[in-house]
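Biologist: Please take one close look at the acidic residues of this model, and at the core beside them. Keep it brisk.

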Amino acid sequence: MAKNLFVGKLSFTTSEDNLKKLFLDIGPVLTVSIIKDNFTGSSRGFGFVEMTTEEDAQKAIEKLNGSSFEEKAIVVKEATPTSTYTNGRGKIDRRGGSRFRGNRRY
């Protein structure tokens with residue numbers, strides 16, 4: 001079963017191809033994506049690598065976490081799903097609390 005890994009503290013100039021080559025030394029890679037800023041298109045300094053097996057993913061964590069890649073010590077760990085919070089009405093409210101305060105609507 002495929003396993004998704006979070007890769008953090010990447011250089012802002014790191015390409016998906018270079019990141020894929022790093023992980024290919026450990027095992028087969030399904031996908032690589034570096035997260036980019038929506039407005040500027042520049043790297044946000046982290047990404048995700050999907051390895052084909054859990055064993056290869058564990059080897060990648062053991063071997064690459066804290067290692068130097070493009071002159072930076074990278075973080076490699078298991079990716080966790082993001083959580084969503086609701087305000088009790090089924091609507092997402094990341095500010096905490098209700099969207100309605102008094103007579104004003106925000």
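Modeller: What follows goes residue by residue, then turns to the core.

This is a predicted model, where local features need pLDDT of at least 70, side-chain atom pairs count only at pLDDT 80 or more, and totals for chains, interfaces and linings use all residues. Residues are numbered from 1 along each chain as its sequence is written, and side-chain values use heavy atoms, with hydrogens and water left out.

Start with Glu16. Glu16 sits in helix H1, residues 16-24. Helices (H or I, at least four residues) and strands (E, at least two) are DSSP runs, numbered from the N terminus. Glu16 counts as partly exposed because its relative accessibility is 33%. The cut-offs are under 20% relative accessible area for buried, over 50% for exposed, and partly exposed in between, with a 1.4 Å probe and protein chains only. Neighbours within four places in sequence aside, Glu16 is in contact (heavy atoms within 4.5 Å) with Val32, Ser33 and Ile34. A polar atom of the Glu16 side chain lies 3.0 Å from the backbone nitrogen of Ile34. Val49 is 33 residues from Glu16 in sequence, yet the C-alpha to C-alpha separation is 9.4 Å.

Next, Asp56. Asp56 belongs to helix H2, residues 54-64. At 10% relative accessibility, Asp56 counts as buried. With neighbours within four places in sequence left aside, Asp56 is in contact with Ile26, Gly27, Pro28 and Met51.

Met51 leads into the core. Among the contacts of Met51, again leaving aside neighbours within four places, are Leu5, Phe23, Asp56 and Ala57. The largest nonpolar core has 19 residues, and Met51 is one of those with the most contacts inside it, as are Leu19 and Val49. Such a core is a set of buried Ala, Val, Leu, Ile, Met, Phe, Trp, Tyr and Cys residues joined through side-chain atoms within 4.5 Å. Strand S1 (3-8), H1, strand S2 (29-36), strand S3 (43-51) and H2 each supply at least two residues of this core. H2 gives the most, with four residues. In soluble globular proteins, nonpolar side chains tend to be buried together.

Last, the loop between strand S4 (68-69) and strand S5 (72-73), where Glu70 is found. Glu71 has its place in the loop between S4 and S5 too. Most residues other than glycine have a negative phi. Glu70, not a glycine, has a positive phi of about 50°. Glu71, also not a glycine, has a positive phi of about 65°. Glu70 counts as partly exposed at 31% relative accessibility, whereas Glu71 counts as exposed at 78%.

Terms used. Polar contact = N/O pair within 3.5 Å; in protein donor to acceptor, adjacent residues only side chain to side chain.
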